[in-house]
Amino acid sequence: MDTFQPDGTIMKKRAVVLLLLLVPLILSCIPIPRVYGLERITCAKYGGTLVEAESLSIKSLNTVAIYDVTAANHMMNIYNNLVDLDRTFKPIPVLASSWDTSPDGLVYTFHLQHNVKWHDGEPFTAADVKYTFDAIMNRPSGYNKNLLLPFFDRAEVVDDYTVQLILKQANAGLLALLADPYSRSFVILPRHIYEGTDIETNPANEHPIGTGPFKFVEWVKGSYISMVANEEYFLGRPCADKYVVKQVTSASATVAALETGEVVYALHSWTPLSAQDVVNLSQDPRFTVDPITVSLFLFHLSFNMRIKPFNNLKVRQAIAHAIDSDKVAQMASSPLTKGNHHVYFTGHWATNPATLMPAYDPQKAEQLLDEAGYPRGADGIRFKTKINYDIKSAHTVQAAEVLKPMLKEVGIDLQLQPLEWAVYVSSIIEGVKKNPNAFELTLMGGAQGPDPSVWQVYLGTDGYRNIYGFSNSRVDELFTLGRSTPDIEQRKKYYYEIQELVLAELPRVNLYSGPDNGIASVDWKNFWFQIDNWPWQDHSRVYWVKGHAATEVATTQPVVAGISTETAIAAAVVAVIVLAGVGFYLSRRRKATIK
Amino acid sequence: MQHIVSSSNTSTLIRVGMRDLRRDKWGLLGLCILLSFVVIALLVPYVSVDDPWEQSTTDIIAPPSWNHPFGADIYGRDVFSRVLWGTRVSLGLGVLAALTSFLVGTVLGSFGGYYGGFLDDVITRFIDLFIIIPRVILLILVAALMGTEVWYMALFIGLTMWASTARIARAQVITFKERGFVKAAALLGAGDIRLLFLHILPNGIFPAISNTMLQVGDAILIEAGLSFFGLGDTNVASWGQIINMGMLSISSWWLVVFPGAAVALTVLAFNLLGDSLERRLKPRLR
Amino acid sequence: MPTYVTRRLIQSVPSVILVILLTFVIINLVPGDPSATLAGEFATPEYVAEIRKLYGFDRPVHERLLIYIGNMLTGNLGRSFFYKVPATQVVIERIPATILLVFPSIVLSMVVGLPLGIFAARKYPSRTTAAILFQAYVLFSIPIFVFGLLLMMVFAVYFRILPSSGMIGQFYATGLERAVDVLRHLVLPMLTLALISGVPPFVRLTYSAITEVSKEDFITTARAIGLDEDAVFRRHAFRNAMLPVVTIAGIWMSSAITGAVFTETVFSWPGIGSLLFDSILLRDYTVIMFIFVLTAISVIVVSLITDIIYERLDPRIRLR
């Protein structure tokens with residue numbers, strides 16, 4: 001205002017203006033707790049083809065419609081989630097740049113990234129998110145639907161870049177669930193492609209369109225999936241030009257492929273490499289082997305607490321002392337893998353640093369067994385027992401083999417009884433509910449993360465994986481509390497206490513967690529497990545040291561046709577060999593008649 | 001000319017067979033190899049070699065050395081002693097499987113051939129069935145689903161192999177059924193079973209025996225194959241188990257080569273012997 | 001002739017049915033079903049039960065068998081539980097790869113095995129014969145996966161002249177480049193399958209067939225007449241010796257499939273061999289059944305063809 005004021009008020013006005021100018025300055029210094037976004041991708045070099053080895057066969061490329069853990073390992077390069085997880089399994093933003101929770105924990109409002117495009121050029125909006133969740137909930141049945149059903153109500157579009165997920169019951173584990181690094185069943189699907197169709201049978205499942213850093217090129221079943229860099233990726237162009245997932249079914253072939261350079265990266269323990277191979281590769285200057293700091297599976301020895309002798313706490317503690325989990329980890333996984341000494345995943349945000357599994361102490365074990373009333377017999381044996389485990393899992397097989405002499409040393413005779421997985425599930429996991437003698441000891445793995453609330457299925461009184469027969473009402477209470485509040489610090493308190501209680505009763509002995517190591521050629525750098533804040537198995541920041549700098553950009557290869565070429569080749573090869581054979585035969589004939 | 005013998009001349013036949021064997025270099029070689037393995041199998045408990053189950057953290061995947069002539073496996077166990085002890089398992093398994101196959105095949109085949117008619121039709125159908133189904137694939141199915149204890153596996157393997165023996169037995173019984181000496185014995189009042197087992201079979205059995213020898217080798221190969229798929233019995237130290245472990249790691253060639261050679265030699269021995277027996281006992285055409 | 005073929009085909013039907021029955025019974029006899037695997041890692045028991053009901057695993061065996069046969073007659077061989085597409089589609093997509101592996105192997109086995117067998121027979125008795133035969137015995141005794149792995153280690157890893165596994169390495173190539181890439185990957189698996197499963201039987205059988213035939217009367221007569229050795233050989237012995245060889249090609253079908261399962265697994269070759277093993281462990285019933293049925297049918301068809309060729313080659317044989 002330009003009206004003339006007496007001197008005092010001009011001073012006041014100037015003060016006000018000055019103050020107004022200072023406020024933003026001051027405010028920007030205050031650390032506002034904000035949800036950080038993922039960094040934009042910057043690459044030291046561009047180019048190259050990242051080839052990853054995968055040993056299990058991939059069944060489907062649409063991980064929302066069809067549960068396929070193997071595919072999930074790679075699909076977040078084509079698709080994105082709303083959120084993902086960092087190396088301690090805390091949530092980080094991806095398609096959602098930030099989110100708020102209502103005080104009662106029932107409404108999650110996600111603010112979506114702008115300028116995200118689908119691989120076919122269409123814009124990504126909140127409508128795609130709503131469509132995906134509607135499709136999941138409207139299916140007659142599905143793995144992801146089953147996970148959401150107990151607490152999820154619906155998704156609501158607020159505007160093009162804001163979407164709300166509304167719950168019936170508070171569930172603090174929602175964000176970790178949405179990330180789902182294990183089966184990627186909540187990636188966002190394109191509404192404009194799937195709307196009105198059945199997500200299970202839509203032919204787009206064979207040519208997926210996503211928002212991710214790599215675009216789909218080709219899928220030869222049982223052989224490989226090939227992708228190229230998405231130039232329009234919202235975080236910037238990925239460093240590699242191309243990404244291929246190659247099926248290599250046997251361990252020796254995987255190592256051979258790494259040695260010859262046909263494959264440059266493998267995730268150890270999802271691929272069946274042997275311990276010795278991992279050591280050799282780690283000592284080979286052409287490769288780097290990095291431990292995966294926090295994992296999804298926790299392998300543990302489970303007691304059947306309903307029967308003798310495992311109903312006796314001292315026996316359980318004794319066995320815990322008799323086991324050297326570091327050594328088990330070395331033999332079962334790789335000499336670079338350490339045992340998991342905490343009650344929950346070492347390195348996880350919810351893990352109580354103070355509660356540790358009983359240390360390796362065979363003398364203590366012997367003492368406890370004597371006290372428990374199981375002295376050594378004339379043959380040195382205190383008692384016999386048997387252990388069941390999944391026959392197909394190289395881990396558990398090797399772990400069992402290592403446990404045998406460890407228990408023998410303290411006088412326990414361990415019989416190994418591997419079972420096929422389906423039999424294992426029916427006779428032990430389900431069977432123990434009807435028959436308390438269904439097993440004595442077993443080796444279980446199982447995903448017990450990424451959110452600690454899912455651990456309830458193992459340790460809650462009515463948890464369906466609670467085969468130990470463990471029941472503690474305070475633990476049950478704590479699990480319920482843990483789910484109810486989204487505040488991480490508060491949740492930590494609950495889970496810390498759970499771990500103390502579990503340690504006191506010891507229904508199980510943790511051994512090690514997996515997957516264990518990332519193995520890569522030394523020519524490739526900046527993998528997700530080497531970065532704190534990057535989605536699990538997302539390869540957009542990996543670069544090839546022999547690539548070119550940013551200024552020159554290589555052209556991407558044209559899309560290739562389907563497998564009919566193989567049939568043509570088959571015919572050609574057969575024809576050639578047959579002609580050769582016939583020619584050979586005829587020439588011999590002619591020789592004879594000439595004579 | 002066919003040797004027409006009654007049961008008391010079986011021993012003569014064996015003596016004749018053995019005499020020719022000396023001239024048959026292949027068969028001799030097979031016999032020698034086989035005998036060495038049998039000797040190893042029998043003597044191993046009395047010879048002091050390392051405990052095949054003793055694990056050692058220092059020797060994980062150790063290459064061959066004085067300490068471990070065949071190297072060590074991923075648990076540090078001595079491969080040399082495991083291969084020697086494995087002889088017992090593998091031979092035992094092979095023999096058990098082949099015996100099962102022999103018994104089942106001979107009984108079914110001869111009954112079918114002898115009684116003819118509907119029974120024969122049914123049995124022939126089953127024979128065809130088991131010849132059509134690829135054995136190993138069926139076994140993978142069975143082992144994956146029903147468990148892998150080694151003696152059960154031996155039995156199952158035998159139960160998939162009986163078809164070829166049955167065919168041979170059946171053909172032999174049909175041929176011999178009409179022979180003079182058999183009809184004579186029948187007239188003298190011999191019952192069906194007596195006829196079959198005391199007169200027909202002792203003469204006709206030899207092709208089945210040579211076939212069975214080949215099957216021992218087959219069974220050992222099959223066990224190795226099943227172990228390769230992880231469907232073997234981990235509680236025993238069979239050659240297949242050692243190879244399986246070797247297949248896991250491409251750098252430890254000794255885990256694959258030594259037991260692999262053991263398998264190859266044993267199977268070779270049985271093949272040579274079986275073929276030589278077949279040559280020896282096949283009727284000549286002049 | 002057509003009536004003969006039809007008659008044989010009709011006779012084979014019960015065999016195929018028996019194969020189906022046997023496989024079905026074995027698969028379903030065992031406790032447990034794929035519902036746990038299908039339902040996934042965090043599946044509640046209720047969801048597992050839901051899956052079980054959805055796929056009909058809770059019904060008794062005989063009911064499921066009848067349903068399966070009923071469906072089969074209408075051409076519906078079921079959907080793969082895991083791939084969620086028809087089982088036939090899953091299998092048929094992988095067949096070309098197996099054909100690409102198996103047929104060149106058979107041809108190679110014949111092209112190598114027959115001449116070697118003939119050569120051995122002609123040079124009998126001599127060191128050469130012994131060497132050839134011995135080598136055949138040895139090859140047959142080596143476990144096929146050991147041999148495959150050895151080839152991989154020597155040629156792929158040590159010498160780096162051939163790729164170690166898979167069918168394709170140049171993922172973005174087309175046309176001729178892709179064809180060459182596939183052929184390069186084909187070499188080791190094909191050699192493995194041919195040298196272990198194919199060549200030894202052909203060598204031994206040809207050898208013994210020819211040596212047997214050489215003792216026949218008509219051969220002696222021909223020689224007595226004064227016919228030259230080669231002519232005798234070509235015109236008479238050879239033709240008759242082909243008969244058992246043709247038979248073996250039929251029986252070999254069965255062992256070829258077995259060999260293919262091992263070879264495909266070692267070399268990660270994406271054919272039905274590796275698919276079969278995978279499906280067995282997952283308990284993808286429909287896929288397993290279809291592969292077994294397919295195998296049975298192909299064995300029958302091949303043996304039918306060989307029988308026909310047999311009859312053509314030797315009109316003396318009167319077939320029932």
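In this predicted model, A:L298 has A:S513 as its bridge partner in strand β17 of chain A. Strand β13(A) covers residues 297-303 and pairs with β17(A) through six bridges. The pairing is antiparallel.

These strands belong to an open sheet of five strands in chain A. The order is β15-β14-β16-β13-β17, and the pairing is mixed. The edges are β15(A), residues 412-419, and β17(A), residues 508-514. Each edge strand pairs on one side only. From one strand to the next, the twist averages 20°.

A helix lies across part of this sheet. Helix α13(A), residues 421-429, crosses β14(A), β15(A) and β16(A). Its direction is at about 125° to β14(A). β14(A) spans residues 383-390, and β16(A) spans 441-444.

**Chain B**

Chain B is built differently from a sheet: the chain has 11 helices and zero strands. Of its 286 residues, 52% are buried. Among contacts in chain B with a separation of 6 or more, 71% join residues 24 or more positions apart.

**Chain contacts**

Chain C touches both of the other chains described here. In the contact between chains A and C, 60 residues of chain A meet 65 residues of chain C. On the chain A side, the elements that give two or more residues include β9 (224-229), β10 (242-247), α7 (251-260) and α13 of chain A. So helix α13(A), already met on the sheet, also reaches chain C. The largest share, 13 residues, comes from α18(A).

In the contact between chains B and C, 35 residues come from chain B and 33 residues from chain C. Helices α4 (117-132), α5 (135-146), α9 (206-228), α10 (239-248) and α11 (254-281) of chain B each supply at least two residues. The largest share of the chain B side is nine residues, from α5(B).

The table sets out the classes of residue on the two sides that touch chain C.

| Side touching chain C | Nonpolar | Polar | Charged |
|---|---|---|---|
| Chain A | 31 residues | 19 residues | 10 residues |
| Chain B | 27 residues | four residues | four residues |

**The nonpolar core**

The largest nonpolar core has 354 residues. A:V328, B:L139 and B:I140 have the most contacts inside this core. Helix α5(C), residues 87-122, gives the core its largest share, 17 residues.

What does B:I140 touch, leaving aside residues up to four places away in sequence? Within chain B, the partners are B:L226, B:F229 and B:L231. From chain C come C:F277 and C:I280. In soluble globular proteins, nonpolar side chains tend to be buried together.

**A helix pair in chain C**

Helix α5(C) also packs against α6(C), residues 127-141. Two packed helices are described by the angle between their axes and the distance between the axes. For α5(C) and α6(C), the angle is about 145° and the axes are 8 Å apart. The crossing is left-handed.

Which residues make the contact? α5(C) contributes C:L116, C:F119 and C:A120. α6(C) contributes C:T129, C:I132 and C:L133. By class, five residues of this contact are nonpolar and one is polar, with no charged residues.

Methods. Residues numbered from 1 in each chain as written. Chains lettered and ligands numbered in written order. Predicted model: local features only at pLDDT ≥ 70, side-chain atom pairs only at ≥ 80, totals over all residues. Core = buried A, V, L, I, M, F, W, Y, C linked by C-beta atoms within 7 Å. Buried ≥ 20, exposed ≤ 12 C-beta atoms within 10 Å, placed from the backbone. Helix = DSSP H or I, 4+ residues; strand = E, 2+ residues; numbered from the N terminus. Contact = placed C-beta atoms within 7 Å. Pairing = 2+ DSSP bridges. Axes fitted to C-alpha atoms, helices over the stretch in contact; angles between N-to-C directions. Nonpolar A, V, L, I, M, F, W, Y, C, P; charged D, E, K, R; others polar. Left-handed = near helix turned anticlockwise from the far one by under 90°.
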